[in-house]
Amino acid sequence: MAKRQPFTIGHATVAPGSRLTVDLPVSVLSDHTPVTMSAHVVHGRQDGPTVFVSGGVHGDEVIGVEIIRRLLRAPNLATLKGTLIAVPIVNAFGFINHSRYLPDRRDLNRVFPGSENGSLASRLAHLFMTEIVARSDLGIDLHSAAIHRTNYPQIRISPDNPRTKELASVFGAPIVIQSPLRDGSLRGAAKAQGKDILLYEAGEGLRLDELSIRAGLAGILRVLRHMGMVPAKRISKPKAAPQFCSSSKWLRAPMGGILRIYKADGELVRKGDLLGAVSDPFGEASEDIIAPFDGLIVGRAVMPVVNEGDAVFHLGRVGSVEKAEDSMEDINAQLEDDPMFDEDEII
């Protein structure tokens, strides 16, 4: 059998059976400080697919960084078949400044595929597409909600894509949402190149939460196992199928004031259920927020101070609350029971 070829990325070469962190130059700051996008490559001894896992496309989304840190410590990678490219922090500028955006105030996830000679955001997007996406067969992109909101662990997939729907089921997050591709998004640009990406959404900006981290780590390992890249040891199968939401709707604050939340993220609700209420500071006026259809709370605001029109509940549509109850209960119990992958993790 012919020996596997080394993996080349940037100016670095990674030999089969080895791993290396590669710093890909992005730019130089005004004070002459260089900025890089760092990728950790695990290049297996045996042939197999190439998968990338990315976090920090939005700089304040730190959950993905922690998921990738734990992934790179997973013992399953010792016998990896194929190649794993892990980029925990795509947007180093935003990460350093605790900001969603780049210094030019652009959202990186709206400028893909980018341009080699464009804006700072466009150049970073181009670098990621050429060095990471173009070398991969599949991507798993890790996100969280914007600051002051939280998302229940979920996978978002494109409509009419059987492969990503299958992989979303393998991933085993509690919720799968069908979400159209947006112009300038990483998913959209990758699709134009014939590459599929699973988008994982969980937790809150600038915060870690253990359930979201566990769900993300377990899901990535399941996908790698499904693709024949890692052994099955310590990788649990989902106890139930994820809850599929064909569409979703943001419910907004009917007035400004103090938001009181009566339903939690991940909770199933029926049409007409009271989700929360907004009152003025004097208690003289109050308006209820009512579920307009049977659904699942896939995200919500965590900030109690709201203005009229602020998004407060993200409700995913479900076909049957009764059918969804048992599967959600099984999945949630599994997330709480699954062992940590590091013996020293304390969050």
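**Exercise 1. Establish which side chains meet in the salt bridge between E210 and R70, at what N to O distance, and where the two residues sit in the chain.**

Solution. In this predicted model, the side chains of E210 and R70 meet in a salt bridge, with 3.0 Å from N to O. The pair links distant parts of the chain, since E210 belongs to helix α6 (residues 210–226) and R70 to helix α1 (residues 63–73), 140 residues apart. The next step is to ask how far each partner is covered: buried means under 20% relative accessible area, so E210, at 17%, counts as buried, and R70, at 2%, is buried as well.

**Exercise 2. Compare the cover of the two partners in the salt bridge of K191 with D196, and then place the pair of E267 and K263 beside it.**

Solution. Begin with the contact itself, in which the closest N and O atoms of K191 and D196 are 3.4 Å apart. K191 has a relative accessible area of 40% and is therefore partly exposed, whereas D196, with 9%, is buried. In the other pair, the side chains of E267 and K263 meet at 3.7 Å, N to O, and E267 counts as partly exposed because its relative accessibility is 28%. Beyond such pairs, salt bridges that share partners join E66, R69, R70, E210 and R214 into one network. A search of the whole structure finds 13 salt bridges.

**Exercise 3. Decide whether G184 and A125 are buried or exposed, and find a residue that is distant in sequence from each.**

Solution. G184 lies in the loop between β9 (175–178) and α5 (186–192), and its relative accessible area of 17% makes it buried. Although G184 and F112 are 72 residues apart along the chain, their C-alpha atoms are separated by 4.6 Å. A125, by contrast, is placed in helix α3 (residues 120–131) and counts as buried because its relative accessibility is 0%. From A125 to V26 the C-alpha distance is 10.0 Å, with their positions 99 residues apart in sequence.

**Exercise 4. Describe how strands β3 and β4 are paired, and what is notable about H32.**

Solution. Strand β3 (residues 18–28) and strand β4 (residues 34–43) run antiparallel and are joined by 10 bridges. Within this pairing, R19 stands opposite V42 in β4. The hairpin has five residues between the strands, and there H32 takes a positive phi near 80°.

**Exercise 5. Identify the residues of the positive patch and of the nonpolar patch on the surface.**

Solution. The patch of positive charge gathers R149, K249, R252 and R317; of these, R317 is found in strand β19 (residues 311–317) and is partly exposed, at 37% relative accessible area. The nonpolar patch, of about 240 Å², is made by I258, M303 and V305, and V305 has its place in strand β18 (residues 305–306).

Terms used:
Residues are numbered from 1 along each chain as its sequence is written. This is a predicted model: local features need pLDDT of at least 70, side-chain atom pairs count only at pLDDT 80 or more; totals for chains, interfaces and linings use all residues. Side-chain values use heavy atoms; hydrogens and water are left out. Patches are made of residues with over 30% relative accessible area and no salt bridge: like charges are joined within 9 Å, nonpolar side chains (Val, Leu, Ile, Met, Phe, Trp, Tyr) within 5 Å. Accessible areas come from the Shrake-Rupley method with a 1.4 Å probe; for residues, only the protein chains shown count as cover. A salt bridge is a side-chain nitrogen of Lys or Arg within 4 Å of a carboxyl oxygen of Asp or Glu. Lys and Arg count as positive and Asp and Glu as negative; His and the chain ends are not counted. The place of a charge is taken as NZ of Lys, CZ of Arg, CG of Asp or CD of Glu. Helices (H or I, at least four residues) and strands (E, at least two) are DSSP runs, numbered from the N terminus. Buried means under 20% relative accessible area, exposed over 50%, partly exposed in between (1.4 Å probe, protein chains only). Two strands pair if DSSP finds at least two bridges between them.
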